Amino acid sequence: MTISPDRIPERTSTPARFNGLPMPKQASLLFEEDLRPRVIREHRGRWPFPIPNGWFIVAMSEDLPVEGVEPIYAFGKELVLFRDAFGAPRVLDAHCPHLGAHLGVGGQVDGSCLRCPFHGWAFNGESGRCEDVPYDESKKMPTRARIGTYPTIERNGAIWAWHHLEGGAPFYDVPEVFEFSSPDWSAPVMREFTIRTCAQEMAENNVDLAHFKFVHGFAAEPEENFVVDGAYKRAERNDGSFTREGFGLGLGVLRVRDFVTWISSTTPIDRDTVHVRWIFTAPAKNGPEGLENAVHRFCEGISQDIPIWENKIYQDRPVLRGMEGDIIQHRRWSEQFYSGWPVDEVPAQGGPA
């Protein structure tokens with residue numbers, strides 16, 4: 001995986017004027033948050049639903065060597081990511097159940113386990129059970145001598161962790177994107193940034209066809225065919241030039257024919273903020289300029305959405321026009337990825353006006 005040296009573009013000292021219809025394009029908004037217009041006084045608590053269940057990127061493969069240990073914060077929790085001595089990535093809750101030390105600050109890999117830096121207790125990265133207390137001759141471990149674990153896989157050059165509020169097992173998979181391993185496609189590059197929003201709000205943009213004209217300046221609303229099957233959804237332009245596949249909330253694979261393929265992972269940092277990672281590849285025949293052009297184009301595009309997302313609120317009873325029914329359908333589809341939501345049937349209801 002290559003992280004392009006221009007991942008953070010040259011600084012723009014003055015924010016763009018945010019006169020909309022359409023919104024201005026300013027790719028630097030992705031990487032320089034102080035340039036973003038943030039007019040709401042409190043961005044916390046704008047979304048009524050919990051962090052969704054699903055697969056989310058927590059690191060890139062190349063950033064975690066064998067026996068590497070990294071503290072991370074995701075899903076509203078302190079976590080620790082490590083690669084065991086056999087090469088498998090693992091994610092655990094960060095704090096030792098013994099006396100509360102953070103395993104990501106001085107913890108050491110020992111085979112398939114991570115040892116706590118405070119007293120050396122060793123926790124298995126897959127099961128979370130304590131397998132050794134080095135200063136105690138008794139081999140009997142208390143039932144509570146275990147730590148929370150997160151199913152983890154490595155795919156498409158990234159490390160993915162499964163989050164489920166109730167500890168449920170994965171109910172969909174992370175797809176293999178063939179272009180990333182094909183000699184006919186370029187070495188992937190990544191862009192990453194944070195946004196004050198949530199995964200459902202970002203995904204809702206895809207079915208809000210009218211916004212393409214007023215936010216992005218499209219001459220007409222795109223015409224698309226939709227397929228929904230459980231946790232999977234697919235949208236395709238009528239001419240086949242653009243395809244977007246969704247796997248749960250926060251994982252998308254997008255393809256523009258003969259131009260670019262990319263993975264989008266929207267990892268919840270907490271209920272109010274997400275860490276977005278976009279991993280791009282382009283046909284090798286297009287050359288390095290073709291890939292950079294594609295990356296810049298889509299970074300500019302999302303820069304138009306960011307000021308909207310960071311200052312809007314969630315309307316649980318939106319006033320919609322008749323042609324906007326896909327928004328309600330998207331919200332109902334999204335409910336399957338939440339534990340304990342909706343509390344009742346009032347949210348996600350709306351109607352045309």
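**Cores, pockets and aromatic pairs in a predicted model**

In this predicted model, Ile-263 touches Asn-156, Trp-160, Val-177, Phe-180, Leu-251, Gly-252, Val-253, Arg-277, Trp-278 and Ile-279, when residues up to four places away in sequence are not counted. Ile-263 also belongs to the largest nonpolar core, which has 29 residues, and it is listed there with Phe-49, Trp-55, Trp-160, Tyr-172, Leu-249 and Ile-279 among the residues with the most contacts inside that core. Two or more residues of this core are given by each of the elements β1 (54-60), β11 (158-163), α1 (199-204) and β16 (251-256). A second core, separate from the largest one, consists of 26 residues, including Trp-262, Val-276, Trp-278 and Ile-302. In soluble globular proteins, nonpolar side chains tend to be buried together.

Aromatic rings were examined next. The structure holds 21 aromatic pairs, and two of them are described here. In the pair formed by Phe-31 and Phe-193, the ring centres lie 6.3 Å apart and the planes stand at 90°, so the arrangement is edge-to-face. Because Phe-31 lies in the segment before β1, whereas Phe-193 lies in strand β12 (residues 189-195), this pair ties together parts that are 162 residues apart in sequence. Phe-31 has a relative accessibility of 16% and therefore counts as buried, and Phe-193 is buried with a relative accessible area of 4%.

The pair of Trp-262 and Phe-280, by contrast in its geometry, is stacked, with 5.6 Å from centre to centre and 25° between the planes. Since Trp-262 is part of strand β17 and Phe-280 is part of strand β18 (residues 274-281), the pair ties together parts that are 18 residues apart in sequence. Trp-262 is buried, with a relative accessible area of 4%, and Phe-280, at 0% relative accessibility, likewise counts as buried. The four residues of these pairs, Phe-31, Phe-193, Trp-262 and Phe-280, form one aromatic cluster together with Phe-259, Trp-278 and Phe-298. Two members of the cluster, Trp-262 and Trp-278, are also included in the second nonpolar core.

Attention then turned to the empty space in the model. Rolling a probe the size of a water molecule over the atoms shows where empty space is left. The largest pocket has a volume of about 960 Å³, and among the 41 residues that line it, Asn-206, Phe-242, Leu-254, Trp-262 and Phe-298 lie nearest its centre. The elements that give two or more residues to this lining are α1, α2 (211-214), β14 (232-237), β15 (242-247), β16, β17 (260-268) and α3 (287-311). The largest share, eight residues, comes from α3. Sorted by class, the lining of the largest pocket has 19 nonpolar, 13 polar and nine charged residues.

The second largest pocket holds about 400 Å³ of space. It is lined by 20 residues, and those closest to its centre are Glu-204, Asn-205, Asp-208, Lys-312 and Ile-327. Two or more lining residues are given to this pocket by each of α1, α2, α3, β19 (319-320) and α4 (325-334). Here α3 gives the most to the lining, with three residues. By class, the lining of the second largest pocket has 10 nonpolar, three polar and seven charged residues.

In addition to the pockets, the structure holds one cavity of 30 Å³ or more. The volume of the largest cavity is about 90 Å³, and 14 residues line it, with Pro-50, Pro-52, Cys-198, Ala-199 and Arg-271 lying nearest its centre. This lining has nine nonpolar, three polar and two charged residues.

One of the residues nearest the centre of the cavity, Arg-271, was followed further. Arg-271 lies in the loop between β17 and β18. With a relative accessible area of 39%, Arg-271 is partly exposed, because this value falls between the limits of 20% and 50%. Leaving aside neighbours within four places in sequence, Arg-271 is in contact with Trp-47, Pro-48, Phe-49, Pro-50, Ile-51 and Cys-198. Of these contacts, Pro-50 and Cys-198 are also among the residues nearest the centre of the cavity, while Phe-49 is one of the residues with the most contacts inside the largest nonpolar core. Arg-271 and Ala-74, which are 197 residues apart in sequence, are 9.9 Å apart in space from C-alpha to C-alpha.

Methods:
Residues numbered from 1 in each chain as written. Predicted model: local features only at pLDDT ≥ 70, side-chain atom pairs only at ≥ 80, totals over all residues. Heavy atoms only, no water. 1 Å grid on protein atoms, 1.4 Å probe; cavity = no way out; pocket = protein on both sides within 12 Å on 5 of 7 lines; lining within 4 Å. Points joined across faces, edges and corners; volume = space filled by probe spheres on them. Nonpolar A, V, L, I, M, F, W, Y, C, P; charged D, E, K, R; others polar. Core = buried A, V, L, I, M, F, W, Y, C linked by side-chain atoms within 4.5 Å. Buried < 20%, exposed > 50% of the residue type's maximum accessible area, 1.4 Å probe, protein only. Helix = DSSP H or I, 4+ residues; strand = E, 2+ residues; numbered from the N terminus. Contact = heavy atoms within 4.5 Å. Phe/Tyr/Trp six-rings, centres within 6.5 Å; stacked < 30°, edge-to-face > 60°.
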